[in-house]
Each structure stands twice: as C-alpha cells, then as structure tokens.
Amino acid sequence: MLGIHELWLFVLSGLLLNVTPGPDTAYIIGRTIQHGWRGGAAAAIGISCGCLVHVLGAAIGLSALLMASSTAFLAVKLIGAAYLVLTGLQMLLSRAKPIADIAGQGGETSISRVFWQGALTNILNPKVALFFLAFLPQFVAADSAHKTLAFLVLGLIFITGGTLWCLGLAAFAARAAGRIRQSTGVIAWINRSLGALFIYLGVRVAMLEAR
C-alpha cells in the first residue's frame, strides 16, 4: 500500500526508538517532576509537534527529489544507510547515562512554555531532521507513485506511537517521581539492542541497492 514495505519492521523499529531513554525522555521526566502530569504531557505533545515538522519537511522535500531521479533515490538511501550504521556503532560503544544525570528541572516555567520548549528543541535540532531523512525512505519502494503520502503515513505512525509512550511515561513519572533511581543496566541493554538494529538496517539497505 502506497509503496510501503515491511511495515512490521518499521513498527518494531519505531517502538524500540520511542522507548529508548534520551534527551526527550529526560525533558519529559524533568518537567513532570516539576509540574506534575500536565507538565509532562505538555512536554510530550510539544516534542511530537516538533517531530511532525520534520516529517512534513522530509515528505515534501524527499518526494520531490526522489520522484525526479532514481539515482537521487539511490544516493539518499545509501547516505541513510551509512548514517544508520554509524549511529548504531555509536550506540553500541556508548556508555549509558542514568536518567537522573541528564534530566534537568530548571526554574519555574509555564505549561505553554514547556510545550514550546519541547517543540523547538526538536524543530531546531538538525539530528532529528537527518534521522527522518535517513529512516523513512528505508520503508518506501523506489518506484512508488505516492512517496509523499507514504512518508506522511509512516511519520504519523511513528509520532503517534511516540506520543502515546511519552504520555504514559509522564503518567508513570507523576506517580513515581519520588522513586526514580539511577539505573544504567536497562538503558545499556536498550542502547545495544537499538544499535544492532540500526546496523542491520544500514547493511540491509546497502546490500539490496548493490544487487
């Protein structure tokens, strides 16, 4: 449908990506501790809106480029494959940091400002744009006549899953804020699993295009 292939792998990848602790997780937990569930929810929705901007940009820009040239499509996929492999290697070799070490609470902030900080943190982060540019094309056929719509559908699936996870995270943090402990074991395991998945995706794409 729409040239989307291996949707199961996309959903699985998106699930692992969304549950991996990182700056967004730290921001949501920090604002939840500061403002309660409403603050965490505002942070989560802001982050999702920021991601949506990058999804729209990837859909419009990539579709125009890739529909004009199959060579450009191949180039983008190979660049994306290299990016995914390098990212995977970084995750495999990185040292996990406890959430408590990276979650800053800052000063008093209004709920609306919490939302905009979350949105702008993603909108102004070029790594987020690069991620969607590298990730989405891996699951869309090169000869698809509906690339724009396919990218939007995949992006919305990814963002919806991420938003639900983040809202659940905010609810949990609001209930158990006093019990948050430093833990690197689970984070390290998730990082290594995700790193291996990134490398697999990158190698798979490079091998398919080389045939």
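Ser13 is found in helix H1 of this predicted model. Ser13 is buried, because its relative accessible area is 1%, below the 20% limit for burial. Beyond its sequence neighbours up to four places away, Ser13 touches Phe135, Phe139, Leu197 and Leu201. The contact with Phe135 also appears from the other side. Setting aside neighbours within four places in sequence, Phe135 is in contact with Phe10, Ser13, Leu17, Phe158 and Leu201. Leu201 thus figures in the contacts of Ser13 and in those of Phe135.

Phe135 leads on to the nonpolar interior. The largest nonpolar core holds 23 residues, and within it Phe132 and Phe135 touch the most other members. Five helices are named as suppliers of at least two residues each: H1 (7-19), H3 (37-68), H7 (126-135), H8 (147-176) and H9 (185-210). H8 gives the most, with 5 residues. Another core lies apart from this one. That second core has 12 residues, including Ile29, Ala43, Ala170 and Ala173.

Phe132 has its place in helix H7. Its relative accessibility is 1%, so Phe132 counts as buried. Leaving out neighbours within four places in sequence, the contacts of Phe132 are Cys51, His54, Val55, Ala58, Pro137 and Phe158. Phe158 is also in contact with Phe135. A further pairing links Phe132 to a distant part of the sequence. Phe132 and Ala59 are 73 residues apart along the chain, yet their C-alpha atoms are separated by 9.2 Å.

Ala59 recurs in a second pairing, this time with Leu149. These two residues are 90 apart along the chain, and 7.4 Å separates their C-alpha atoms. Leu149 is found in helix H8. Its relative accessible area is 43%, so Leu149 is partly exposed. The class follows because partly exposed residues fall between the 20% and 50% limits.

Helix H3 contributes two further residues to the description. Gly57 lies in H3, and so does Ser48. Their surroundings differ in exposure class: Gly57 is partly exposed, with a relative accessible area of 41%, whereas Ser48 is buried at 11%. Gly57 is paired in space with Leu152. The two stand 95 residues apart in sequence, with 9.7 Å from C-alpha to C-alpha. Ser48 touches Ile159 and Thr163, once residues up to four places away in sequence are excluded.

The packing of two other helices was also examined. Helix H2 spans residues 23-35 and helix H6 spans residues 111-123. Their axes lie 11 Å apart, at an angle of about 175°. This makes H2 roughly antiparallel to H6, because angles over 145 degrees fall in that class. On the H2 side, the residues that meet H6 are Asp24, Tyr27, Arg31 and His35. On the H6 side, they are Ile111, Arg113, Val114, Gln117, Gly118 and Asn122. The residues of this contact are of mixed character: 3 are nonpolar, 4 polar and 3 charged.

The chain as a whole completes the picture. Its secondary structure comes to 9 helices and 0 strands. From the N terminus on, the order of elements is α-α-α-α-α-α-α-α-α. The chain has 211 residues, of which 43% count as buried. Contacts between residues at least 6 apart in sequence were also sorted by separation. Of these, 88% join residues at least 24 apart. The exposed area of the chain is about 10900 Å². Carbon and sulfur atoms supply 68% of that area.

Technical notes
Residues are numbered from 1 along each chain as its sequence is written. This is a predicted model: local features need pLDDT of at least 70, side-chain atom pairs count only at pLDDT 80 or more; totals for chains, interfaces and linings use all residues. Side-chain values use heavy atoms; hydrogens and water are left out. Axes are lines fitted to C-alpha atoms, for helices over the stretch in contact, and angles run from 0 to 180 degrees between N-to-C directions. Helices (H or I, at least four residues) and strands (E, at least two) are DSSP runs, numbered from the N terminus. Angles under 35 degrees count as roughly parallel, over 145 as roughly antiparallel, 65 to 115 as roughly perpendicular and the rest as oblique. Contact means heavy atoms within 4.5 Å. Ala, Val, Leu, Ile, Met, Phe, Trp, Tyr, Cys and Pro count as nonpolar, Asp, Glu, Lys and Arg as charged, and the others, Gly among them, as polar. Buried means under 20% relative accessible area, exposed over 50%, partly exposed in between (1.4 Å probe, protein chains only). Accessible areas come from the Shrake-Rupley method with a 1.4 Å probe; for residues, only the protein chains shown count as cover. A nonpolar core is a set of buried Ala, Val, Leu, Ile, Met, Phe, Trp, Tyr and Cys residues joined through side-chain atoms within 4.5 Å.
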